[in-house]
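Take a look at the chain below before reading on. Keep the sequence at hand, and find each side chain as it comes up.

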Amino acid sequence: RRQAYHEAGHFLVGYMAGIPVDGYSLEAAETAVRFGEAQRVAEQLDTAACISMAGVAAEVLSCGDARGGLDDLAQLRGLMRAARITRREQQDDRIR
């Protein structure tokens, strides 16, 4: 039940942000929401952050606490690192 709320949080926030949902799974082996246009989401860091943390927020709202979300946070940190590198490269290009 907790996993369903968690994934529903990702699903709802992604959908409300206008990101197409390609599919979802609540199977024990693979609990995930798959979004289309993943590259577009990664380019919009604020949208990616909202979608990533929506699962944890849904857990807290429905169950009182969050036990999941570590993978979501790791993915978000990776996107943030990649965005920082890209922005740094863009700034360097402006200087040259």
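The paragraphs below go from the overall fold to single side chains.

This is a predicted model. The protein has four helices and two strands. Read from the N terminus, the order of elements is α-β-β-α-α-α. The protein has 96 residues, and 26% of them are buried. About 6700 Å² of the protein is exposed. Carbon and sulfur atoms supply 53% of that area. Now consider contacts between residues at least 6 apart in sequence: 48% of them join residues at least 24 apart.

Start with the charged side chains. How many salt bridges does the structure hold? There are three salt bridges. Arg2 takes part in a bridge with Glu59, at 3.0 Å from N to O. This pair links distant parts of the chain. Arg2 sits in helix H1, while Glu59 sits in helix H3, which covers residues 45-63. The two are 57 residues apart. Is Glu59 buried or exposed? Its relative accessibility is 2%, and buried means under 20%, so Glu59 counts as buried.

Arg2 also forms a salt bridge with Asp65. Here the closest N and O atoms are 3.1 Å apart. This pair, too, links distant parts of the chain: Arg2 is in helix H1, and Asp65 is in the loop between H3 and H4. They are separated by 63 residues. Asp65 is partly exposed, with a relative accessible area of 32%.

Asp65 forms a further salt bridge, with Arg67. The closest N and O atoms of that pair are 3.9 Å apart. The cut-off for a salt bridge is within 4 Å, so the Asp65 and Arg67 pair counts. Arg67 is exposed, at 63% relative accessibility. Put together, Arg2, Glu59, Asp65 and Arg67 are linked in a network of salt bridges. The network takes in buried Glu59, partly exposed Asp65 and exposed Arg67.

Next come the aromatic rings. The structure holds one aromatic pair. Phe11 and Tyr24 form this pair. Their ring centres are 5.7 Å apart, and the angle between the planes is 90°. Why is the pair called edge-to-face? Planes over 60 degrees apart count as edge-to-face, and these stand at 90°, so the label follows. Which parts of the chain does the pair tie together? Phe11 lies in helix H1, residues 2-16, and Tyr24 lies in strand E1, residues 21-26. The pair therefore ties together parts that are 13 residues apart in sequence. Phe11 is partly exposed, with a relative accessible area of 30%. Tyr24 counts as exposed, at 56% relative accessibility.

Now turn to the surface. Leu12, Tyr15 and Met16 form a nonpolar patch there. Together they have about 380 Å² of accessible area. Met16 belongs to helix H1. Its relative accessible area is 64%, and exposed means over 50%, so Met16 counts as exposed.

Another methionine, Met80, is found in helix H4, which spans residues 70-95. Met80 is partly exposed, at 42% relative accessibility. What separates Met80 from Leu45 in sequence and in space? The two are 35 residues apart in sequence, and their C-alpha atoms are 7.2 Å apart.

Thr47 lies in helix H3. With a relative accessible area of 15%, Thr47 is buried. Which residues is Thr47 in contact with, leaving aside its neighbours within four places in sequence? They are Ala17 and Ile19.

Finish with the cysteines. How many disulfides are there? The count comes to zero, where a disulfide needs a pair of cysteine sulfur atoms within 2.5 Å. Cys50 is partly exposed, with a relative accessible area of 48%. Cys63 is also partly exposed, with a relative accessible area of 29%.

Definitions and conventions:
Residues are numbered from 1 along each chain as its sequence is written. This is a predicted model: local features need pLDDT of at least 70, side-chain atom pairs count only at pLDDT 80 or more; totals for chains, interfaces and linings use all residues. Side-chain values use heavy atoms; hydrogens and water are left out. Rings of Phe, Tyr and Trp (its six-membered ring) pair if their centres lie within 6.5 Å; planes under 30 degrees apart count as stacked, over 60 as edge-to-face and the rest as tilted. Buried means under 20% relative accessible area, exposed over 50%, partly exposed in between (1.4 Å probe, protein chains only). Patches are made of residues with over 30% relative accessible area and no salt bridge: like charges are joined within 9 Å, nonpolar side chains (Val, Leu, Ile, Met, Phe, Trp, Tyr) within 5 Å. Accessible areas come from the Shrake-Rupley method with a 1.4 Å probe; for residues, only the protein chains shown count as cover. Contact means heavy atoms within 4.5 Å.
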